[in-house]
Amino acid sequence: MEQRRKKQYVSVTARFDTAGNIIPVKVLWEDGRRFDIDKITDVRPCASLKCGGFGMRYTCRILGKETYIFREADRWYVEKIV
């Protein structure tokens, strides 16, 4: 059974490299928990097929688990299970 998801906007701490690329390093969840991003394995323009929207999709490893963070215009979101 496929789980339903929705956009959950989150705060992200990011750095910029010398080429101007945006690199997220930490995610602040809605309940105040902070998660360090261990590694970014892919960055590409992509649609969120599970909850709608289009932007840059960052494939990240957080606490050993692969997840996606999306940057849509000037906002960041994750696909939250509802």
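Valine 27 stands opposite phenylalanine 35 in strand 3, and that is where I'd like to start. These two sit where strand 2 and strand 3 pair in the antiparallel sense, over three bridges. When I say strand, I mean a DSSP run of E with at least two residues, numbered from the N terminus. When I say two strands pair, I mean that DSSP finds at least two bridges between them.

Before going on, a word on what you are looking at: this is a predicted model, so local features need pLDDT of at least 70 and side-chain atom pairs count only at pLDDT 80 or more, while totals for chains, interfaces and linings use all residues. Residues are numbered from 1 along each chain as its sequence is written, and side-chain values use heavy atoms, with hydrogens and water left out.

Now let's step back to the sheet. How many strands does the open sheet have, and in what order? There are seven, in the order 3-2-1-7-6-5-4, with antiparallel pairing. Strand 3 and strand 4 stand at the edges with a single partner strand each, so one side of each has no neighbour in the sheet. From one strand to the next, the twist averages 40°; for angles like this, axes are lines fitted to C-alpha atoms, for helices over the stretch in contact, and the angle runs from 0 to 180 degrees between N-to-C directions.

Let's walk in from the strand 4 edge. Strand 4, residues 39-47, pairs with strand 5, residues 54-62, in the antiparallel sense over eight bridges. Along that pairing, cysteine 46 stands opposite glycine 55 in strand 5. The hairpin of these two strands has six residues between them, and glycine 52 there takes a positive phi near 85°.

Next door, strand 5 and strand 6, residues 65-72, run antiparallel and are joined by seven bridges. Here tyrosine 58 stands opposite isoleucine 69 in strand 6. This hairpin has two residues between its strands, and leucine 63 in the turn has a positive phi of about 55°.

On to charges. Side chains of opposite charge can pair when their charged atoms come close. The structure holds five salt bridges, where a salt bridge is a side-chain nitrogen of Lys or Arg within 4 Å of a carboxyl oxygen of Asp or Glu. I'll show you some of them.

One of them joins the side chains of glutamate 72 and lysine 7, at 3.0 Å from N to O. That pair links distant parts of the chain, with glutamate 72 in strand 6 and lysine 7 in strand 1, residues 5-16, 65 residues apart. Buried or exposed, where does glutamate 72 fall? Glutamate 72 is buried, with a relative accessible area of 19%, whereas lysine 7 is partly exposed at 24%. Buried here means under 20% relative accessible area, exposed means over 50%, and partly exposed is in between, using a 1.4 Å probe and protein chains only.

Another brings us back to the other edge: aspartate 36 forms a salt bridge with lysine 26, the closest N and O atoms being 3.1 Å apart. Aspartate 36 lies in strand 3, residues 34-36, and lysine 26 in strand 2, residues 22-28, so this pair ties together parts that are ten residues apart in sequence. Aspartate 36 is partly exposed at 46% relative accessibility, and lysine 26 is partly exposed at 29%.

In a further salt bridge, the side chains of aspartate 42 and arginine 44 meet at 2.6 Å, N to O. Aspartate 42 counts as partly exposed at 22% relative accessibility, and so does arginine 44 at 40%.

Let's look at strand 1 too, where glutamine 8 has its place. At 11% relative accessibility, glutamine 8 counts as buried. Leaving out residues up to four places away in sequence, glutamine 8 touches Trp29, Glu30, Trp76, Tyr77, Val78 and Lys80; contact means heavy atoms within 4.5 Å.

Last topic: the cysteines. A disulfide is a covalent bond between the sulfur atoms of two cysteines. How many disulfides does a search of the whole structure find? Zero, taking a disulfide as a pair of cysteine sulfur atoms within 2.5 Å. Cysteine 51 is in none, and its nearest cysteine sulfur, that of cysteine 46, is 11 Å away. And why is cysteine 60 not bonded to cysteine 46? Because their sulfurs are 13 Å apart, too far for a bond, although cysteine 46 has the closest cysteine sulfur. Cysteine 60 is also buried, at 1% relative accessibility.

Conventions: Helices (H or I, at least four residues) and strands (E, at least two) are DSSP runs, numbered from the N terminus.
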